[in-house]
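Let's take a walk through this protein, one feature at a time. Keep the picture in view and look up each residue as it comes along.

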Amino acid sequence: MLDDIAIRVRQNIGIVTAVLLFTILYLLYNLAHPKGFSSAVLVQNGDEIFALAMLAMAQTVPVLASGLDLSVGAVMTMVGCFASYLLTGVAGGTPLHLEIFGLHIGLGTFPGGVSGILLGIVVCLATGALAGFINGCVVVYGRIQPIIATLATGAVYIGIALFLRPTPGGKIDEDLNWALTNSLGDFASTVHIFDDGAASWFAPVAWIPVPFVLLVLIALLVWVPFRRSVLGRAVYAVGSAEGAAYMSGLPIDRAKIAAFTLAGFFAGCGGLFLAIQTSSGNADIPQAGAYTLNSIASVVIGGTSLLGGTGSAIGSIFGAMVLRVISFFFRIFDIAPLLQPLFEGLILLGAVSIGALGVLRVKNTLELFR
């Protein structure tokens, strides 16, 4: 039994390292925080972690297929701009129009109310998945390296976001904002379920932040089934050895397209939540670039090999949490903004080095190129 556990730990040393690192850092953070170990702090942390965790999952899937998606931040930004138009929840609906070369083109009215919000969420997630699907098609049928293809498509998606929101603006339904960015108790009272959150059986879980619940649901309902599917296993096989996967008859092209499509879906989830959290849309180019780079760092910290074939989106979630907790420390200890990149880089270097300690035990140097 203990031998089996030891083998599993060695096989998942990257994830284990990320989980331990996050646990230690988060405990220290709460001990140092004046209001640590409280629901309010947990809710605030959940809101700040969710978008990066989604982008970390988005980056993981192409990386597992031995690719890299530089457009995840742009897809997130574009979907956020769409959401700022479609999730207003105005009872009479939202008029949609385009301004092209001075011409005003009416596109009709998007439904309002609860049905309009639900339809808007579906449209936003579908937009993210479509962007990822286009990335996959460009890579597979255009025979272009993923890093180049997604660099180009990312510029297109940022262009669309700037077209939609030349300046920050828009509005998200206030009830939607309140329900999804607070605790389960606030969610229940907003949507009027479980006696408006006052049911006695509901009290023990009412303090849990909604973003954490959404994160777990998305991981369980989307990532786990995908990983266990034929396409999911094909993604791992392509990342491990594409030639062997081809000789085995696996659907290589479909696996790559599925990987990028799922990446677009996860990035869309991040953009949707970011728009709900900020109650607006913002085509912020530096923010998109920062999220993309942090998603790659989260993947590495989470134990996924950038060479592909090994790793998990769950590990990347913990990698994103580690990154965010580091930024929380900056706020607690009031570290000057100019020094933050220095400390962040040193901590990241240390974290990645811990995950690479296994290299020291390698006796045959050919194993380094697996």
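## A helix and what follows it

Right after α12 comes S279, whose phi is positive, at about 60°. Keep in mind that this is a predicted model, so what you see here is computed from that prediction.

Now look at α12 (252–278) itself. How far apart should its ends be? With 27 residues at 1.5 Å a residue, α12 should span 39 Å, and its end C-alpha atoms are in fact 39 Å apart, so the two agree. Is α12 mostly covered or not? It is: 22 of the 27 residues in α12 are buried.

## Two more positive phi values

S66 also has a positive phi, near 65°, and it's not a glycine. You'll find S66 in the loop between α3 (39–64) and α4 (72–86). S66 counts as partly exposed because its relative accessibility is 42%, which falls between the 20% and 50% cut-offs.

H192 is another residue other than glycine with a positive phi, this one near 60°. H192 sits in the loop between α8 and α9. With a relative accessibility of 58%, H192 is over the 50% cut-off, so it counts as exposed.

## The second largest pocket

Next, find the second largest pocket, which has a volume of about 690 Å³. Its lining is made up of 29 residues, and L118, I121, L176, L180 and F187 are the ones nearest the centre.

Which helices help build this lining? At least two residues each come from α5 (113–142), α7 (174–180), α8 (184–191), α9 (210–228) and α12. The largest share belongs to α9, with seven residues. Sort the lining by class and you get 24 nonpolar, three polar and two charged residues.

## Rings and a charge

Time for the aromatic residues. The model has twelve aromatic pairs. One of them is F329 with F333, a stacked pair with 6.0 Å from centre to centre and 0° between the planes. Why does F329 count as buried? Its relative accessible area is 15%, and buried means under 20%, so F329 makes the cut.

F329 and F333 also belong to one aromatic cluster, together with F22, Y26, Y29, F318 and F328.

Elsewhere in your tour, look for Y85: R165 lies over the face of this ring, at 3.9 Å from the ring centre.

Methods:
Residues numbered from 1 in each chain as written. Predicted model: local features only at pLDDT ≥ 70, side-chain atom pairs only at ≥ 80, totals over all residues. Heavy atoms only, no water. 1 Å grid on protein atoms, 1.4 Å probe; cavity = no way out; pocket = protein on both sides within 12 Å on 5 of 7 lines; lining within 4 Å. Points joined across faces, edges and corners; volume = space filled by probe spheres on them. Helix = DSSP H or I, 4+ residues; strand = E, 2+ residues; numbered from the N terminus. Nonpolar A, V, L, I, M, F, W, Y, C, P; charged D, E, K, R; others polar. Phe/Tyr/Trp six-rings, centres within 6.5 Å; stacked < 30°, edge-to-face > 60°. Buried < 20%, exposed > 50% of the residue type's maximum accessible area, 1.4 Å probe, protein only. Lys NZ or Arg CZ within 6 Å of the ring centre and 35° of its normal. Expected span 1.5 Å × (residues − 1).
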